[in-house]
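Subject: Structure handover

Hello,

Here is the structure for you to take over. Please open it first, then read my notes alongside it.

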Amino acid sequence: MSNPEIRLADYRPPSFLIDSVALNVDLYAEHTVVQSRLSVRRNPAVTSREALCLDGGSGLLLNRIELDGEPLAADRYQRDGEQLTIIGVADSAIITTEVTIDPAANTRLEGLYRSRQMYCTQCEAEGFRHITFYLDRPDVLVEFSCRITAEQRSYPVLLSNGNPVARGQLDGGRHFVEWHDPFKKPCYLFALVAGDLAVVEDSFTTCSGREIALAIYVEEKDLDKCDHAMRSLQASMAWDEQRYGREYDLDLFMIVAVDDFNMGAMENKGLNIFNTSAVLANPSVATDATFQRIESIVAHEYFHNWSGNRVTCRDWFQLSLKEGFTVFRDAQFSADMNAPVVKRIEDVGLLRSLQFAEDAGPLAHPVQPQSYVEINNFYTLTVYEKGAEVVGMLHTLLGERQFRAASDLYFERHDGAAVTIEEFVGAMEEISGRDLQQFRRWYWQAGTPQLDASWAWDEASGIVTLTVAQSCPATPGQAQKAPFHIPIKVGMVGANGDLVLTADGATEQLLELTGSRQSWQFGPFAEQPVPSLLRGFSAPVVLRTDYSSEQLLHLASGDSDGFNRWEALQQLYKRAIVGCCEHGEQFTVDPQLLARFADIAADRSLDHATAAQLLTLPAESELYEAMQPIDPAQVAGARQQLRSQLISGCGELLAARYHELSPNQAYAPNSAQIGQRALKNLALRYLCELGQGEQLAAAQYAAADNMTDQLAALTSLLVLPHSDQASAALASFYRQWCNEPLALNLWFRAQATAPTATPAALRELLSHPDFALTNPNKVRSVIAAYAMANPSQFHRADGGGYQLLADVIGQLNTINPQIAARLVAPLTGWKKYAEPYQSAMRDSLATIAALPALAKDIAEQVDKSLGD
């Protein structure tokens, strides 16, 4: 690989520290001038006397450089690639630089760039070096001041981190605002926004009685879409005080909505910048899923104020220190705000569909990676979602009380510092008194552990002996794996529910698997129970058991653990899909499974959101991991065959449930209504698949007063081949929402994920006048949705879907390589596929690899995927 590799083993502290930085950012129509004044001093922890090396992107035009107020001679500094080396800097000095940059030309959306008529920044991970020369690394914590000047009529709002300390008028219709952030921070948390923005304001009173001003800045047209985000922010602030004892520190908390943004949101200190899709919502333009996503992301970014900002990462190999912990915290919050079991099911579905595949592919890496070429490639499901599962296991092992005490210790001991994962686990160890050395392997070892569980019932003694063995497949660079420390929650389910396992009457027990193979005994019991294993999905593993169909049906109806009831049904669905693959149309689904499906559909006592999950089959992407070599057409056909058999006898029941779940009530994005709409719209989808729902869907589309029902009706119509109603609804939707980007993205996505989507149809969407490759939300709505959420159409025997993706990646290579690199993921598992898919995927990867001037973001992903 031609691009240099960065290794954790090579970490060295910075030779210089920065005590303060004063920025002066002058925004002009054609360019921006950035003056930086750094107060630097040698790091006393570093004995060698090295030159001062500042990071600076190739787009920085250096106008001048001064050392202690004097112009620096040309032989005192050298610029090489993205480094500016200054020779002969004393133990302390003032470094002043002035650069010119072109934000309007910055389509990579890193550093300072234009989004529509607004200026904004994205500095994580290494964007600040594209604004000015700096020590662009997270272990350099600095007190920031920032003065922004711009033409007042076009940019009346000028924002940065911290608190505003001065403002005024300048000649030529320009004005300035000065900001000061009293909390030291790494430069990746710097933010700047300038634009003609409206604001929604509110406040929050902290537990100590301080009043915090809250402000959400948006374009004028979006003022009616901020209420939900504001309520979510206030709920997050209250929850973090109650659950973790964390109070907000500044006097002002701001959010800005930006249409062009590579990520969902960014936790810049005091000035969070959000993708519009992650903050703007009202019932007309946002679905229930969007409302819940906004609630979660607002919480996530707010929680970063402590788990990421006040205590930050020493280096980027510690990324999961802030992201894994914060994802765990936002999952706790979302579970408390909504339906906990449904939240857990959704999280596990994401892990199994995408993260397990990442663990099993050529891009597999530990939660704490050991090396990288481009750090943007490691904002992955492994670092975020699996990292959160690792924190969740610590919570399980320690219990709520000790985990909270350890979190308190971690925050208090390391406040204002840049630390490592070791400090986090060390706090857990210190409070609990436990030895967590083996547990640390979850951070160091890649791959998804596999558990093989078996049990024996001794009728004479009434004892159940449970045996569990663990293993972990080889991953790149790690052929052999040592045993993990795995928490396994178990119960025993008898004829009438859970049986008592312990002397204190507990019906659930926590086992700790630390060896390659261990056994435990339970009982005595008066009846033979069915073990309920890995309750709540207590560890991110693959569990293999020899449950009979009767035992799974018993768990699906009698287990007190809501997650495991769902899991038992999922296992029955998977077995039936395998049967359909092996026997084709001759396979007949077990009548007991058909009856259980109908019983769930008919059960009025069941929570609606849970019922919708129970009636939903495993995703194709999840099935791929268990059915290799993968034949996508066969898997899609088998899954549809099972679904058809399950719903074929339920037409009248589904229609009855649909009508009774359609009450005339005002829309509210609360848990009860969200569950009700989920079940109703699933019934509508199934009715359309049965050929009995076209008129119902058309009527719902016409009458819908919220986007959830409108979009559900549209996507249900799109399952019907050659439907005039579907064509009419698509045309109507576009006419209604062509000037609303958030809704228009849903229109693009509905077509990209339709069962009839073809590469030719996708190319038409990509050439639509409202589509733009420069806008990440549009790219995600069309090509990412097609490649990642429509597997039966993307995986075509002729390779047309793969070639389409390769073509788009080629175009994005010079526009936004960060987004392009993320699109490589659907091709990376090519070795797991059957022919002709395997060769076609490999050929598309080779096409990408041969691109001229291939960006290192993309090259790293493709090189690892192709391997030899």
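Below are the findings, grouped by region.

One caution before the details: this is a predicted model.

**The five-strand sheet**

Start with the open sheet of five strands. Its order is β17-β18-β19-β21-β20, and the pairing is mixed. The edges are β17 (198-205) and β20 (265-266). Each has a single partner strand, so one side of each lacks a neighbour in the sheet. β17 runs antiparallel to β18 (residues 211-218), and eight bridges join the two. Within that pair, Asp 202 stands opposite Leu 214 of β18.

Two helices pack on this sheet. Helix α1 (residues 227-244) touches β17, β18 and β19 (252-258). The direction of α1 makes about 25° with that of β17. Helix α2 (residues 288-303) touches β19, β20 and β21 (271-275). The direction of α2 makes about 150° with that of β21.

**The three-strand sheet**

Next, an open sheet of three strands. The order here is β4-β8-β7, with antiparallel pairing. β4 (52-55) and β7 (77-80) are the edge strands, and each pairs on one side only. On average, neighbouring strands of this sheet are turned by 20° against each other, direction ignored. Four bridges link β7 to β8 (residues 83-86) in the antiparallel sense. Gln 78 faces its opposite number, Thr 85, in β8.

**The β10-β11 hairpin**

Strand β10 (residues 111-115) is mostly covered, with four of its five residues buried. It pairs with β11 (residues 118-122) in the antiparallel sense, over five bridges. Gly 111 has Gln 122 as its bridge partner in β11. Two residues lie between the strands of this hairpin. Look at Arg 116 there: it takes a positive phi near 55°.

**Two buried polar residues**

Is Thr 100 buried or exposed? Its relative accessible area is 17%, under the 20% cut-off, so Thr 100 counts as buried. Thr 100 lies in strand β9 (residues 92-101). Its side chain makes a polar contact with the side chain of Asn 63, at 2.9 Å. Beyond residues up to four places away in sequence, Thr 100 touches His 31, Thr 32, Val 33, Gly 59, Leu 60, Leu 61 and Asn 63.

Gln 838 lies in helix α25 (residues 837-849). With a relative accessible area of 18%, Gln 838 also falls under 20% and is therefore buried. A polar atom of its side chain lies 2.9 Å from the backbone oxygen of Tyr 833. Leaving aside neighbours within four places in sequence, Gln 838 is in contact with Trp 830, Lys 831 and Tyr 833.

**Cavities**

How many cavities of 30 Å³ or more does a search of the whole structure find? There are four. The largest has a volume of about 120 Å³. Its lining is made of 15 residues. Closest to the centre are Glu 219, Lys 221, Asp 222, Asp 259 and Thr 276. Two elements, β19 and α19 (741-752), give two or more residues to this lining. You have met β19 already: helices α1 and α2 both touch it.

Best wishes

Notes
Residues are numbered from 1 along each chain as its sequence is written. This is a predicted model: local features need pLDDT of at least 70, side-chain atom pairs count only at pLDDT 80 or more; totals for chains, interfaces and linings use all residues. Side-chain values use heavy atoms; hydrogens and water are left out. Buried means under 20% relative accessible area, exposed over 50%, partly exposed in between (1.4 Å probe, protein chains only). A polar contact is a pair of N or O atoms within 3.5 Å; within protein, one must be able to donate a hydrogen and the other to accept it, and residues adjacent in sequence count only if both atoms are side-chain atoms. Contact means heavy atoms within 4.5 Å. Two strands pair if DSSP finds at least two bridges between them. Axes are lines fitted to C-alpha atoms, for helices over the stretch in contact, and angles run from 0 to 180 degrees between N-to-C directions. On a 1 Å grid over the protein atoms alone, a cavity is a set of points where a 1.4 Å probe fits but cannot get out, and a pocket is an open set with protein on both sides within 12 Å along at least five of seven lines; lining residues have an atom within 4 Å of a point. Grid points are joined across faces, edges and corners, and a volume is the space filled by probe spheres set on the points.
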